[in-house]
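Good morning, and thank you for coming. Today I shall present one protein structure, and I ask you to keep the display in view while I speak.

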Amino acid sequence: MTTDIIKGTITVMLVDDHPVVRNGYCRLLESTADIRVIAEADDGETGCLLYQEHKPDVVILDLNMAGGIDGFETIRRIRAKNPNARILIFSMHNHETMVQRALKTGATGYITKQCGMNQMIQAIRLVKQGKVYIDPDLAPKMAANLTLKDASEDPLNRLTEREFQIFKLIAEGNSCAQIAEIISISPKTVGVHQANIMRKLKLQNIAQLVRLAINCNVTQA
């Protein structure tokens, strides 16, 4: 990574737990005249610390990372330190619920890992300018979701931001104790949220919750 930054260059931090993905995109971005990668992190907690240290113009962030806090919590923590932080989600998830939740949490852009390099560069430049960028392949799907069906038809829209976060963590196999540690609340509070989630979504057990998460592309089978 280059340490000497030319004026007008967009500085970027990559947060992804797959080193091959990070290394590949780091090399590609470094070949772009106006973009420099100044920091890399393999988990959300490290990403938050490096953000404070390096203050990049744009954070490129994966939503799902093994261990520690996920992308949603990373967004919250970075935005708590800097409400104007520019965060571009770079995710395998292409379900409109994930896009809407990420933007609501504080992301300023969303692209999928199927996008081309030119699209990522365009997204970085627009997000740096303060504009919201949505992967063109996702935009029609989101528009159709808003115009053709009531938002209440999506069961996950019944959940608050915190409930959605816990829903996702449960679906990924975390226990109440693990979730409590990840998001810094008590196990008892996690249990209360879990009960509310099950009630709102009319679920009888965790297996049903996991199936719903898979069907909504919140997690993988």
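I shall speak about the interior, the aromatic rings, the pocket and a few backbone details. Please bear in mind that this is a predicted model.

Let us begin with the interior. The largest nonpolar core has 46 residues, and the members that touch the most others are Ile 89, Leu 156 and Phe 167. Which helix gives the most to this core? That is helix α7, which spans residues 161–171 and supplies six residues. Apart from this core lies another one of 21 residues, including Cys 26, Leu 88, Cys 115 and Val 127.

Leu 156 deserves a closer look. If we leave aside residues up to four places away in sequence, Leu 156 touches Thr 97, Arg 101, Phe 164, Phe 167, Leu 201, Leu 212, Cys 216 and Val 218.

Two of those partners, Thr 97 and Arg 101, are among the buried residues of helix α4. The other buried residues of α4 are Glu 96, Met 98, Val 99, Ala 102 and Thr 105. Helix α4 covers residues 96–105, and seven of its ten residues are buried, so the rest of the structure largely encloses this helix. Just after α4 comes Gly 106, with a positive phi of about 135 degrees.

I turn now to the aromatic rings. How many aromatic pairs are there? The count comes to three. In one of them, Phe 72 and Phe 164 have ring centres 5.6 Å apart and planes at 80 degrees; an angle over 60 counts as edge-to-face, so that is how this pair is classed. Phe 72 belongs to helix α3 (residues 71–81) and Phe 164 to helix α7, so the pair ties together parts that are 92 residues apart in sequence. Are these two residues buried or exposed? Phe 72 has a relative accessible area of 1% and is buried. Phe 164, at 2%, also counts as buried.

Phe 164 also pairs with Phe 167, and this pair is stacked, with 6.4 Å from centre to centre and 25 degrees between the planes. Phe 164 and Phe 167 are three residues apart in helix α7, so about one helical turn separates them. As a general point, an α-helix has 3.6 residues a turn, so residues three or four places apart point the same way. Phe 167 is buried, as is Phe 164. Ring pairs thus join Phe 72, Phe 164 and Phe 167 into a cluster.

Next, the largest pocket. The space in it is about 260 Å³. Its lining consists of 17 residues, and those nearest the centre are Asn 64, Met 65, Ala 66, Gly 67 and Glu 172. By class, six lining residues are nonpolar, five are polar and six are charged.

Finally, some backbone details. Lys 55 has a phi near 50 degrees, which is positive although the residue is not glycine. Lys 55 sits in the loop between α2 (44–54) and β3 (58–61), and at 48% relative accessibility it counts as partly exposed. Ser 184, also a residue other than glycine, has a positive phi near 60 degrees. Its place is the loop between α8 (176–183) and α9, and at 59% relative accessibility Ser 184 counts as exposed.

Helix α9 itself (residues 187–200) contains Val 192. Val 192 is partly exposed, at 47% relative accessible area. Its C-alpha atom is 9.9 Å from that of Glu 163, a residue 29 places away along the chain.

How values were computed:
Residues numbered from 1 in each chain as written. Predicted model: local features only at pLDDT ≥ 70, side-chain atom pairs only at ≥ 80, totals over all residues. Heavy atoms only, no water. Core = buried A, V, L, I, M, F, W, Y, C linked by side-chain atoms within 4.5 Å. Buried < 20%, exposed > 50% of the residue type's maximum accessible area, 1.4 Å probe, protein only. Helix = DSSP H or I, 4+ residues; strand = E, 2+ residues; numbered from the N terminus. Contact = heavy atoms within 4.5 Å. 1 Å grid on protein atoms, 1.4 Å probe; cavity = no way out; pocket = protein on both sides within 12 Å on 5 of 7 lines; lining within 4 Å. Points joined across faces, edges and corners; volume = space filled by probe spheres on them. Nonpolar A, V, L, I, M, F, W, Y, C, P; charged D, E, K, R; others polar. Phe/Tyr/Trp six-rings, centres within 6.5 Å; stacked < 30°, edge-to-face > 60°.
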